[in-house]
There are 2 protein chains.
Amino acid sequence: MPSLTLRLYLDPKGRLGPGKVELLEQIAATGSISAAARAMEMSYKRAWDLVEEMKDMFGKPLVAAKTGGKHGGGAELTPVGEEVVRRFRDMERAVHEAAAPYVKALQDEADAR
Amino acid sequence: MPSLTLRLYLDPKGRLGPGKVELLEQIAATGSISAAARAMEMSYKRAWDLVEEMKDMFGKPLVAAKTGGKHGGGAELTPVGEEVVRRFRDMERAVHEAAAPYVKALQDEADAR
DNA sequence: GAGTGTTGTATCCGTATGAATATAACGAAT
DNA sequence: ATTCGTTATATTCATACGGATACAACACTC
């Protein structure tokens, strides 16, 4: 089954695609950057770099992290972070709907072998 | 000004995105793989690799190349190649339209800094 | 037949990317 | 005070990817 992915290039610079968005969702779900990284089988460094990138892209942090505490710390999405996830997923839904016939036509082209 | 790019994952495997599509257009415009590569400032090897990938993706060649001749040879798109370009660009148009409000909202989020 | 510019292909190499590793700071719980 | 798991950060290392390079085959023109 074919699929379509979107990559958004924000104005001065910075790309937002499925990877960063899924990372945000995993952070929200697990409550920590490192747990999200484990869930996505990427290094903590990479996850942290992506979070930093997003902070630069949007000028505000999308993730609020705390060090120390009962379980050593943790992270959660800021309101902006939640907003970004929601909007990106909404956009994906709208786009997949609009693109469906074209995707099918191209996949058929590939099947006709 | 923000922009949105699409990447299509065809069924067994193979990605089709803006790079390969632009390459096809440049081949059509210039009449050769190597001229297209120069126009896009990529190595001939890379261009040729991409053309091969697309042949594997679609089971049929999207580019017909000839060696020898007055100018040493040349290449043009097959009917399938032209079809793929056309459909991809059509899809992009439809998608950009559907995504516009979401793109704007996300860009505004980034501007509010 | 020589010259030409391209296709098609193989080999080598530099670099950039991310993985791995190490470590300090942190703050709550015990 | 000690323990704990996380954040935050720097440094080193390996590998994969593309770039550069080289060259044979080709067929048309002159």
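**Superposition.** I laid chain B on chain A in this predicted model and got an RMSD of 0.1 Å, with a turn of 180 degrees and a shift of 0.0 Å along the axis. I noted this as the relation of a two-fold axis.

**Interface.** I looked up the contacts next: 37 residues of chain B touch 36 residues of chain A. I then checked which surfaces are used. Of the interface residues of chain B, 97% are also interface residues in chain A, so the two copies meet through the same surface. For the area, I recorded about 3,400 Å² buried between chain B and chain A. Carbon and sulfur atoms account for 65% of that buried area.

**Salt bridges.** How many salt bridges does the rule find across the interface of chain B and chain A? I wrote down 0. I widened the search to the whole structure, which gave 20 over all chains. One that I looked at joins the side chains of A:Arg89 and A:Glu25, with 2.8 Å from N to O. I placed A:Arg89 in helix H4 (residues 79-111) of chain A and A:Glu25 in helix H1 (residues 18-30) of chain A, so this pair ties together parts that lie 64 residues apart in sequence.

**Largest pocket.** I turned to empty space and read off about 370 Å³ for the largest pocket. I counted 17 lining residues. Nearest the centre of the pocket I found B:Arg15, B:Leu16, B:Lys20, B:Leu50 and B:Glu53. I then listed the elements that give two or more residues to the lining: strand E2 (15-16), helix H1 (18-30) and helix H3 (44-58), which belong to chain B. Which element gives the largest share of the lining? I noted H3(B), with 5 residues. Sorted by type, the lining of the largest pocket has 8 charged, 6 nonpolar and 3 polar residues.

Technical notes:
Residues are numbered from 1 along each chain as its sequence is written. Chains are lettered from A and ligands numbered from 1 in the order in which they are written. This is a predicted model: local features need pLDDT of at least 70, side-chain atom pairs count only at pLDDT 80 or more; totals for chains, interfaces and linings use all residues. Side-chain values use heavy atoms; hydrogens and water are left out. Copies are superposed by least squares on the C-alpha atoms of residues with pLDDT of at least 70 in both. Contact means heavy atoms within 4.5 Å. On a 1 Å grid over the protein atoms alone, a cavity is a set of points where a 1.4 Å probe fits but cannot get out, and a pocket is an open set with protein on both sides within 12 Å along at least five of seven lines; lining residues have an atom within 4 Å of a point. Grid points are joined across faces, edges and corners, and a volume is the space filled by probe spheres set on the points. Helices (H or I, at least four residues) and strands (E, at least two) are DSSP runs, numbered from the N terminus. Ala, Val, Leu, Ile, Met, Phe, Trp, Tyr, Cys and Pro count as nonpolar, Asp, Glu, Lys and Arg as charged, and the others, Gly among them, as polar. Buried area is the accessible area (1.4 Å probe) that two parts lose on being put together, summed over both. A salt bridge is a side-chain nitrogen of Lys or Arg within 4 Å of a carboxyl oxygen of Asp or Glu.
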